[in-house]
Amino acid sequence: MIAYVKGVLAVVGQDSIIIDKGGIGININVPVSIISTLPSIGSEVKVFTYTYVREDAIALYGFMTMDDLDVFKLLINVNGVGTKTALGILSAITPNELRLAVISADYKTITKAPGIGKKSAERIVLELRDKVKMVIEDDSYIAVDSGDVAKSDSVNIALEALVSLGFSYGEAAKAVKQVDNYEEMDD
């Protein structure tokens with residue numbers, strides 16, 4: 001298993017990159033969404049990878065963060081979701097958008113990904129709901145569009161209050177996210 005590849009970015013394609021590592025070009029499939037975040041060609045880059053082995057192929061799938069890689073691994077464990085479909089999902093929506101969509105059963109967001117219909121979105125929500133909720137609670141962040149935002153005490157209090165009033169964790173997270181400037185909430 002190759003955990004990550006660190007080398008010189010040699011080629012950037014539509015959905016893959018080639019990293020030159022000691023004179024060997026390593027082809028890595030990546031979500032389309034990270035292409036714009038890559039450094040310029042010739043710069044050093046570190047990509048966390050998932051090694052996929054079949055009897056007729058070996059492929060690397062790469063991500064800029066371990067979090068993205070972890071979400072990819074969760075997705076490929078869903079029945080009917082392969083590596084290409086998981087890559088397509090992460091190309092269309094961020095891992096945090098996916099988490100929020102899963103915990104709030106927002107099928108519409110998940111169907112933004114190519115090749116994902118309502119039934120596939122329902123399966124993803126059903127199979128990932130408990131796993132994603134644990135990630136959000138254990139890693140102490142909520143899913144937001146702008147990336148991982150550490151919860152302040154007041155955001156924690158707001159979430160706990162809404163959950164104690166009978167809202168699901170997903171509904172509470174969605175409600176807190178909709179509050180203007182929730183990142184600036186203070187005690």
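In this predicted model, Asp68 lies in helix α1. Asp68 is buried, yet the residue has no salt bridge. The nearest side chain of opposite charge belongs to Arg99, and the distance to it is 6.7 Å. A salt bridge requires a side-chain nitrogen within 4 Å of a carboxyl oxygen, so the pair does not qualify. Beyond its neighbours within four places in sequence, Asp68 is in contact with three named residues: Phe63, Leu90 and Pro95.

Two of the residues around Asp68 recur in the lining of a cavity. Pro95, a contact of Asp68, is one of the lining residues of the largest cavity. Arg99, the nearest side chain of opposite charge to Asp68, is another. The remaining lining residues are Val71, Leu74, Leu98, Leu128 and Val132. Three elements each give two or more residues to this lining: α1 (66-76), α3 (95-103) and α5 (118-138). The largest share, 3 residues, comes from α3. By class, the lining has 6 nonpolar residues and 1 charged residue, with no polar residues. The volume of the cavity is about 30 Å³. The structure holds 1 cavity of 30 Å³ or more.

Charged pairs that do meet the criterion were also examined. The count comes to 4 salt bridges. One of them joins Glu44 and Lys6, with the closest N and O atoms 3.9 Å apart. This pair links distant parts of the chain. Glu44 sits in strand β4 (residues 44-54) and Lys6 in strand β1 (residues 4-12), 38 residues apart. The two partners fall into separate accessibility classes. Glu44 counts as exposed because its relative accessible area is 55%. Lys6 counts as partly exposed because its relative accessibility is 39%.

A further salt bridge is formed by the side chains of Asp56 and Arg54, at 2.9 Å from N to O. Asp56 has a relative accessibility of 59% and is therefore classed as exposed. Arg54 has a relative accessible area of 43% and is therefore classed as partly exposed.

Helix α5 provides another example. Here the side chains of Glu122 and Lys118 meet in a salt bridge, with an N to O distance of 3.7 Å. Both residues lie in α5, 4 residues apart, which is about one turn of the helix. Glu122 is partly exposed, with a relative accessible area of 31%. Lys118 is exposed, with a relative accessible area of 55%. Helix α5 is also among the elements that give two or more residues to the cavity lining.

The overall architecture is mixed. The protein has 7 helices and 7 strands. Along the sequence, these follow the pattern β-β-β-β-β-α-α-α-α-α-β-β-α-α. Of the 187 residues in the protein, 40% are buried. Asp68 belongs to this buried set. Among contacts with a separation of 6 or more, 50% are between residues 24 or more positions apart.

Methods. Residues are numbered from 1 along each chain as its sequence is written. This is a predicted model: local features need pLDDT of at least 70, side-chain atom pairs count only at pLDDT 80 or more; totals for chains, interfaces and linings use all residues. Side-chain values use heavy atoms; hydrogens and water are left out. On a 1 Å grid over the protein atoms alone, a cavity is a set of points where a 1.4 Å probe fits but cannot get out, and a pocket is an open set with protein on both sides within 12 Å along at least five of seven lines; lining residues have an atom within 4 Å of a point. Grid points are joined across faces, edges and corners, and a volume is the space filled by probe spheres set on the points. Ala, Val, Leu, Ile, Met, Phe, Trp, Tyr, Cys and Pro count as nonpolar, Asp, Glu, Lys and Arg as charged, and the others, Gly among them, as polar. Buried means under 20% relative accessible area, exposed over 50%, partly exposed in between (1.4 Å probe, protein chains only). Lys and Arg count as positive and Asp and Glu as negative; His and the chain ends are not counted. Contact means heavy atoms within 4.5 Å.
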